[in-house]
Amino acid sequence: MALHRLLGMEVGVPEPAVLDQFYREIGFEGGDGSWGSSDLPGQIRISEAPYRQLREMRVACEDEADLAATAVRLDGIGIKYQSGEGRLRITDPVNKWNIVVEPAPAHDLPPKPERLLNKPGQRNRVNERAEVIVEPSPRPPRRLGHLVCGTTDIPRSMELYLALGFRISDSVAGIANFMRCSRDHHNFLLTPGPVPYLNHYALEYDDFDSVMRAASVYLRNHEDVHVDGPGRHQIGGNVFWYLKDPSGTFFEHFTDMDVIEDDDAWEIRSDWGADSWSVYGSDHQSELFFKPGDMQEVIAGWNKAQA
Ligand SMILES: [Fe+2]
C-alpha cells in the first residue's frame, strides 16, 4: 500500500509540562514536548493550546510518486494542500487537524525475547519464576498505534481520509469507521462527536503481561483514571485497557492487534453487533467514551476557536 505506517501525532494541551511528566512516567523517552520509544523517538509531540486537542497526524508513504498520486486524489475532491520539502500538508477542512504525508522507510519494531509460558503439555518455563514477576519495572510502550477521533461530519471526513490513502478495515454502522495506513487493523478511527476531538490514542505493548502490568501500575498510582478494561476487542482483536492521561484524553494500552497484509484476503465486516466491544470483561463500551468528563470544556474551546 502507498501509506505504510503512522509516524506520529501532535497534541495541544493547556499544560504541556504535565504531559511531559506523564510520558516520562509511563516509560517513553524524550523531553520538552517530544516523546517516543527508543525505537521510534519523537512520535508524540506536545504544544500549548487553550484546550486539549489533536493538532497534527503524520503518516508515511513510500515515495514521491505516492505524494503526486495523493495530490491528484485531493484535487479530485477539491481539497487544498501544500506540497514542498518532500511532504504534502493539508488542514482537514472539517476537523482542522493538520495532516502530513511524507515518504519514510518501512519499519517494524524489533521483537523482544518472548516470555516463556507454561501450558498443558507444553512446559516451557521450568525451574524458573515467570519473567513478569522478576522484572524490576513494567516494560515500556513500544510505539503509538492508533488515534480515535470524534467528528461532526463522517461522510466528508471519510472522503478526505480515503483520498489520502487510508483503507477501511471494518465498520459499525453509525458509530465507528476503522481505517488503517499500515498493516495494523486500525491506525485511525472516526466516530460521531459533538465537535471534532481526540477521543483516545493507543500505545502498543509487547504482550498481554506488559499491558496488564503497565495499566495496573498506573491505576495504583493515580485516582480517577480508569476508563475501560481489561478486555479484548472483537474488532481488531487487540487486548486493551483504557485509562485517562493528565490532559483528560483517554489512552489505550494494547497488544496483539489483527494484521492485514493482503486486502483481498481480508473480509471487511459492517455487521458487528452490540456485543462486539469485548470478548471478555465488560460486555459493552463504557458511556465515558461518548461523554468524556471534560467534553463541555472541549466543546467550548472548539467553538471559541472557530468564532
Ligand atoms: Fe483504540
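The exercises below, each with a worked solution, deal with a predicted model.

**Exercise 1. The eight-stranded sheet**

Task: Work out in which order the eight strands of the open sheet follow one another, and which strands form its edges.

Solution: Begin with the order, which is β2-β3-β4-β1-β5-β8-β7-β6, in an open sheet whose pairing is mixed. Next look for strands that pair on one side only, and these are the edge strands β2 (29-31) and β6 (82-84). From one strand to the next, the twist averages 20 degrees. Then take a pair within the order: β3 (residues 34-36) and β4 (residues 44-48) run antiparallel and are joined by two bridges, and W35 stands opposite I44 in β4. Finally, add the helix that lies across this part, for α1 (residues 16-25) lies across β1 (3-13), β2, β3 and β4, and runs at about 155 degrees to β4.

**Exercise 2. Strand β7 and its two hairpins**

Task: Describe which residues of β7 are on the covered face and which are on the uncovered one, and then find the strands to which β7 is joined by bridges.

Solution: In β7 (residues 87-91), L88 and I90 make up the covered face, whereas R87, R89 and T91 make up the uncovered one. To understand the pattern, recall that in a regular strand the side chains alternate between the two faces of the sheet. Turning to the partners, β6 is joined to β7 by three bridges in an antiparallel arrangement, with S83 opposite L88. The hairpin of β6 and β7 has two residues between the strands, and E85 takes a positive phi near 55 degrees there. With β8 (residues 98-103), β7 also runs antiparallel, this time over four bridges, and the bridge partner of R89 in β8 is V100. The hairpin of β7 and β8 has six residues between its strands, and K96 in the turn has a positive phi of about 65 degrees.

**Exercise 3. Strand β15 and helix α6**

Task: Decide how many residues of β15 are buried, and explain why the buried residues of α6 are on the same side of the helix.

Solution: Start with β15 (residues 197-204), where eight of its eight residues are buried. Strand β11 (residues 143-151) is joined to β15 by seven bridges and runs antiparallel to it, with L144 opposite L203. Strand β18 (residues 250-255), in contrast, pairs with β15 in the parallel sense over five bridges, and here Y201 stands opposite F251. Now move to α6 (residues 295-306), whose buried residues are V298, G301 and W302. These residues are on the same side of α6 because they cover an arc of only 100 degrees around the axis. On the other side of α6, Q296, N303 and K304 are exposed. To link the two elements, note that β15 is included in what covers the buried residues of α6.

**Exercise 4. A core residue and a loop residue**

Task: State which residues have the most contacts inside the largest nonpolar core, and explain why T152 counts as partly exposed.

Solution: The largest nonpolar core has 54 residues, and M9, L54 and L147 have the most contacts inside it. Leaving aside neighbours within four places in sequence, L54 is in contact with residues including M9, W97, L147 and L198. Turning to T152, which is found in the loop between β11 and α4 (154-164), count its C-beta neighbours inside 10 Å: there are 15, so T152 counts as partly exposed. Among the residues in contact with T152, leaving aside neighbours within four places in sequence, are V94 and P196.

Note on methods: Residues are numbered from 1 along each chain as its sequence is written. This is a predicted model: local features need pLDDT of at least 70, side-chain atom pairs count only at pLDDT 80 or more; totals for chains, interfaces and linings use all residues. A residue is buried if 20 or more other C-beta atoms lie within 10 Å of its own, exposed if 12 or fewer, and partly exposed in between; C-beta atoms are placed from the backbone. Two strands pair if DSSP finds at least two bridges between them. Axes are lines fitted to C-alpha atoms, for helices over the stretch in contact, and angles run from 0 to 180 degrees between N-to-C directions. Two residues are in contact if their C-beta atoms, placed from the backbone, lie within 7 Å. The arc is that of the directions from the helix axis to the C-beta atoms. A nonpolar core is a set of buried Ala, Val, Leu, Ile, Met, Phe, Trp, Tyr and Cys residues joined through C-beta atoms within 7 Å.
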